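Here's a walk through one chain, going from a single strand residue out to the helices and the surface. Keep the viewer open and follow along.

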Amino acid sequence: MSDGPEWFAPKRYGYGSGVPISWQGWAITLAFIAVMIGLSLLLRDQPLRLAASLAPLIAIFIVICAKTTRGGWRWRWGNDD
C-alpha cells in the first residue's frame with residue numbers, strides 16, 4: 001500500500017494505471033481530456049504549437065497517475081496482490 005493518495009487502480013496486466021477509483025481521479029482525468037480537446041480546437045491549424053503545448057500536459061498527467069496509483073506502477077501478470 002502506498003502512503004499517498006490513491007486515485008487510480010492498477011492495471012491487472014501490464015504496466016501503469018487503470019481507471020480512476022476516486023472523485024479526484026475522475027476530476028483530473030476529465031480536466032485533462034477537456035484541456036486536450038480545447039487546445040486541439042484552438043491550435044488545430046498550428047500542429048507544432050499544439051504538440052509543444054500537449055507534450056508537457058501529457059507528461060504531468062502521467063506523473064500524477066504514477067504517483068496516485070494504488071500500489072504504484074510495476075509490471076503485473078494478473079495475479080492478485
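Start at Ser-17: leaving aside its neighbours within four places in sequence, this residue is in contact with Phe-8, Ala-9, Pro-10, Lys-11, Cys-65, Thr-69 and Trp-73. Bear in mind that this is a predicted model. Ser-17 sits in strand E3, and its relative accessibility is 19%. Buried means under 20% here, so Ser-17 counts as buried. For a sense of how the chain folds back, take Arg-70: it is 53 residues away from Ser-17 along the chain, yet the two C-alpha atoms are separated by 8.4 Å.

Stay in E3, which covers residues 17-20, and you'll find Val-19. Is Val-19 buried or exposed? Val-19 is exposed, because its relative accessible area is 53% and the cut-off for exposed is over 50%. Val-19 also belongs to a nonpolar surface patch of about 680 Å², together with Ile-21, Trp-26, Leu-30, Ile-33, Ile-37 and Leu-41. Which element gives the largest share of that patch? That would be helix H1, residues 23-42, with five residues.

So let's look at H1 itself. The helix has 20 residues and reaches 28 Å from its first C-alpha to its last, close to the 28 Å expected at 1.5 Å a residue. Within H1, the buried residues include Gly-25, Thr-29, Phe-32 and Leu-39. These cover an arc of only 100° around the axis, so they end up on the same side of H1. Turn to the other side of H1 and you get Trp-23, Leu-30, Leu-41 and Leu-42, which are exposed. Two of these names, Leu-30 and Leu-41, should ring a bell from the nonpolar patch.

What do the buried residues of H1 pack against? Their partners are strand E1 (8-10), E3 and helix H2 (47-67). Thr-29, a residue of H1, lets you see this at close range. Thr-29 is buried, as its relative accessible area is 15%. Not counting residues up to four places away in sequence, Thr-29 touches Phe-8, Pro-20 and Phe-61. If you'd like a distance to check, the C-alpha atoms of Thr-29 and Gly-18 are 11 Å apart in space, with the two positions 11 residues apart in sequence.

Now flip to the partner helix, H2. At 1.5 Å a residue, its 21 residues should span 30 Å, and the end C-alpha atoms are indeed 30 Å apart. The buried residues of H2 include Leu-50, Leu-54, Phe-61 and Cys-65. Phe-61 is one of the residues that Thr-29 touches, and Cys-65 is among the contacts of Ser-17. For H2 as a whole, the buried residues pack against E1, E3 and H1.

Ala-51 is also found in H2, but its setting isn't that of a buried residue. Ala-51 is partly exposed, since its relative accessible area is 45%. Measure across to Ser-40, 11 residues away along the chain, and you should get 9.3 Å between the C-alpha atoms.

One last stop: Arg-76, in strand E4 (residues 76-77). Is Arg-76 buried or exposed? At 5% relative accessibility, Arg-76 counts as buried. Arg-76 and Leu-54 are 22 residues apart in sequence, and their C-alpha atoms lie 29 Å apart in space.

How values were computed:
Residues numbered from 1 in each chain as written. Predicted model: local features only at pLDDT ≥ 70, side-chain atom pairs only at ≥ 80, totals over all residues. Heavy atoms only, no water. Patch = residues over 30% accessible without salt bridge, like charges linked within 9 Å, V, L, I, M, F, W, Y side chains within 5 Å. Areas by Shrake-Rupley, 256 points an atom, 1.4 Å probe, with all protein chains shown as cover. Salt bridge = Lys/Arg side-chain N within 4 Å of Asp/Glu carboxyl O. Helix = DSSP H or I, 4+ residues; strand = E, 2+ residues; numbered from the N terminus. Buried < 20%, exposed > 50% of the residue type's maximum accessible area, 1.4 Å probe, protein only. Expected span 1.5 Å × (residues − 1). Arc of directions from axis to C-beta. Contact = heavy atoms within 4.5 Å.
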